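Here are some exercises to work through with the model open beside you. Try each task before you read its solution.

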Amino acid sequence: MTITQLYYVLAVAENQNFTKAAEKCFVTQPTLSMQIQKLEEQLEVQIFDRSKKPIELTDVGRKIVNQARNIVNESYRIQDIVDQQKGFIGGEFKLGIIPTVMPTLLPMFLKSFIKKHPKVKLKIEELTTEEIITRINDGHLDAAIAATPLENENIKERVLYFEPFVSYIPKNHRLHGNKKIEISELDINDMLLLEDGHCFRDGVINLCKAFKSNSEDKFQLESGSIETLIKLSNEGLGMTLLPYLHTLDINEKEKENLHFFNDPSPAREVSLIYHKSELKMQIIEALQDVISGIIRGAITFQNVKIISPIVK
């Protein structure tokens, strides 16, 4: 049994196709198939049910894949140990970022990080929290930036900053005249939300504690972007909540619609998250150092109340 064979097994399990797996592994399909067949013969079990289209794992195959993932990840730790011993911060690093953090945070830290650590090749993807958790567990992401706490036993979290919620209330709205907002004044039924799948949406629902499935409203508007929510709100279709960093880039006229909450301000916790196996920690620590240093001056709120991104 070799690490290479286990790596091929993981590739087939992910792609459910021998040809696609071979392409991902940069080997010929016969080479990959032969190595997997050798492993199956050695173990005297079938890892894959080749009669199914797409290919499926057998019952014992699922158990083997789970263990193979642990072994392959641990094999990477040898290079990790060497890199840390040498003080080397470099190589490919796959980072996921949730959509409501990507457009504001990434421009703030990316240039500084690349300049400070030019040997790191960042591969960045915008992903939902659910996609991030899956990819971290499957070993396809080294780390991610997401709203926490996630309460996932396989994932470790390092808090980067606390970002307050800010109300965006158009002039025709019942709360526009209020200088500051109380959480108890919010009503989910007159609020514009992000589409399902965004953890910021879940945080808003948790904050309101007033979601009603039998709403009497004639319509319910949801959007995939915060910028669209602001435009819809400007049309008088409801209020919305924004992450604080998004409020720094809106124009002066729109800033008149911003209303802060009374203390403690509701906020989301934004963290650098990674698998409990703790691979590539030198790069994770370098990211944390750069981001924390930059964000410290951008968000000065101290008295905040953390809202979980998980719907309760």
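Helices (H or I, at least four residues) and strands (E, at least two) are DSSP runs, numbered from the N terminus. This is a predicted model, in which local features need pLDDT of at least 70 and side-chain atom pairs count only at pLDDT 80 or more, while totals for chains, interfaces and linings use all residues. Residues are numbered from 1 along each chain as its sequence is written, and side-chain values use heavy atoms, with hydrogens and water left out.

**Exercise 1. Place Asp 289 in the fold and describe its exposure.**

Step 1: Asp 289 sits in helix α10, which covers residues 281–295.

Step 2: Its relative accessibility is 46%, so Asp 289 counts as partly exposed. The classes are buried under 20% relative accessible area, exposed over 50% and partly exposed in between, with a 1.4 Å probe and protein chains only.

Step 3: From Asp 289 to Arg 50 the C-alpha distance is 48 Å, and the two are 239 residues apart in sequence.

**Exercise 2. Summarise the protein as a whole.**

Step 1: Count the elements: there are ten helices and twelve strands.

Step 2: Take the extent: the C-alpha trace spans about 75 × 50 × 30 Å along its principal axes.

Step 3: Look at burial: of the 312 residues, 46% are buried.

**Exercise 3. Characterise the largest pocket and say where it lies.**

Step 1: Start with the method. On a 1 Å grid over the protein atoms alone, a pocket is an open set of points where a 1.4 Å probe fits, with protein on both sides within 12 Å along at least five of seven lines; lining residues have an atom within 4 Å of a point. Grid points are joined across faces, edges and corners, and the volume is the space filled by probe spheres set on the points.

Step 2: The largest pocket holds about 1000 Å³ of space.

Step 3: Its lining has 31 residues, and those nearest the centre are Tyr 76, Lys 94, Asp 138, Gly 139 and His 140.

Step 4: Helix α1 gives the largest share of the lining, six residues. Elements that each supply at least two include α4 (59–86), β3 (91–97) and β11 (265–275).

Step 5: By type, the lining has 13 nonpolar, six polar and twelve charged residues. Here Ala, Val, Leu, Ile, Met, Phe, Trp, Tyr, Cys and Pro count as nonpolar, Asp, Glu, Lys and Arg as charged, and the others, Gly among them, as polar.

Step 6: Domain 1 (3–83) and domain 2 (88–159 + 270–305) both contribute lining residues, so the pocket lies between them. These bounds come from an automatic or database domain assignment.

**Exercise 4. Which parts of the chain do the salt bridges of Glu 163 and Lys 171 tie together?**

Step 1: A salt bridge is a side-chain nitrogen of Lys or Arg within 4 Å of a carboxyl oxygen of Asp or Glu. The structure holds 15 of them.

Step 2: Glu 163 pairs with Arg 268, their closest N and O atoms being 2.9 Å apart. Glu 163 belongs to strand β6 (residues 155–168) and Arg 268 to strand β11, so this pair ties together parts 105 residues apart in sequence. Both residues are buried.

Step 3: Lys 171 meets Glu 256 at 3.4 Å, N to O. Lys 171 lies in the loop between β6 and β7 (193–194) and Glu 256 in the loop between α9 (252–255) and β10 (258–259), so parts 85 residues apart in sequence are tied together. Lys 171 is exposed at 53%, while Glu 256 is partly exposed at 48%.
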